Amino acid sequence: MLIILAFIILFHLAAAILLFVATIHNVSINQEGAYKCMAVQDIFTVFCPPYLQAVQATMILATILCCVSFFVFILQLFRLQQGERFIFTAIIQLLASLCVMVAASIYTAQNKSFHVPSLQEGSYGSSYILAWISFPVTLVSGLMYLVLRKRK
């Protein structure tokens, strides 16, 4: 049981690290002259198209939900009765997974609407790839919490 618990905690921390890196780095197109509002710290200082603001907001929300679900899991680990499931943790983690999917889907759908013509032929950057990698990781993590029961 201790090995399973350690694996679940490491898997959840890996998902959180992926989300943090994808959200903070946030460079989604590899080309010169990209929007300056791509960084999270610039979300309020530079004009961004509404879809980029939606992508940033949902990625930030996904990161926050992933961290909250980890703390709820630790709390439930000490509070749940033996044999109960980690439903609340699973719901929060599945919501984080949904937010990542929405953010990456919005960005994928709006790729051709960039204002600078040279960016339309650009390749996707590391944040975009990390976001799509973190989607199944958070989804699997949420499903693991849904199936997991507390034991001694």
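Begin with the contacts across the whole chain: in this predicted model, among contacts with a separation of 6 or more, 79% are between residues 24 or more positions apart. With the full chain still selected, colour by burial, and 44% of the 152 residues will count as buried. Switching to a surface view brings up an accessible surface of about 8,400 Å², 74% of which belongs to carbon and sulfur atoms.

Next, return to a cartoon and follow the chain along the sequence, where 4 helices and 2 strands come in the order α-β-α-α-β-α.

From here, select residues 2-25, which form helix α1, together with residues 50-79, which form helix α2. Two packed helices are described by the angle between their axes and the distance between those axes. For this pair the angle is about 160° and the axes lie 9 Å apart. Because angles over 145 degrees count as roughly antiparallel, α1 is roughly antiparallel to α2. Turn the view so that one helix lies in front of the other, and the crossing of α1 past α2 is left-handed.

Now show side chains for the residues that make this contact. On α1, select L5, I8, I9, H12, L13, A15, A16, L19, F20, A22 and T23; on α2, add M59, I60, A62, T63, C66, C67, S69, F70, F73 and L77.

Which classes of residue make up the contact of α1 with α2: nonpolar, polar or charged? Colouring the selection by class gives 17 nonpolar and 4 polar residues, with no charged residue in the contact.

How values were computed: Residues are numbered from 1 along each chain as its sequence is written. This is a predicted model: local features need pLDDT of at least 70, side-chain atom pairs count only at pLDDT 80 or more; totals for chains, interfaces and linings use all residues. Side-chain values use heavy atoms; hydrogens and water are left out. Buried means under 20% relative accessible area, exposed over 50%, partly exposed in between (1.4 Å probe, protein chains only). Contact means heavy atoms within 4.5 Å. Accessible areas come from the Shrake-Rupley method with a 1.4 Å probe; for residues, only the protein chains shown count as cover. Axes are lines fitted to C-alpha atoms, for helices over the stretch in contact, and angles run from 0 to 180 degrees between N-to-C directions. Angles under 35 degrees count as roughly parallel, over 145 as roughly antiparallel, 65 to 115 as roughly perpendicular and the rest as oblique. A crossing is left-handed if the near helix is turned anticlockwise from the far one by less than a right angle, and right-handed if clockwise. Ala, Val, Leu, Ile, Met, Phe, Trp, Tyr, Cys and Pro count as nonpolar, Asp, Glu, Lys and Arg as charged, and the others, Gly among them, as polar.
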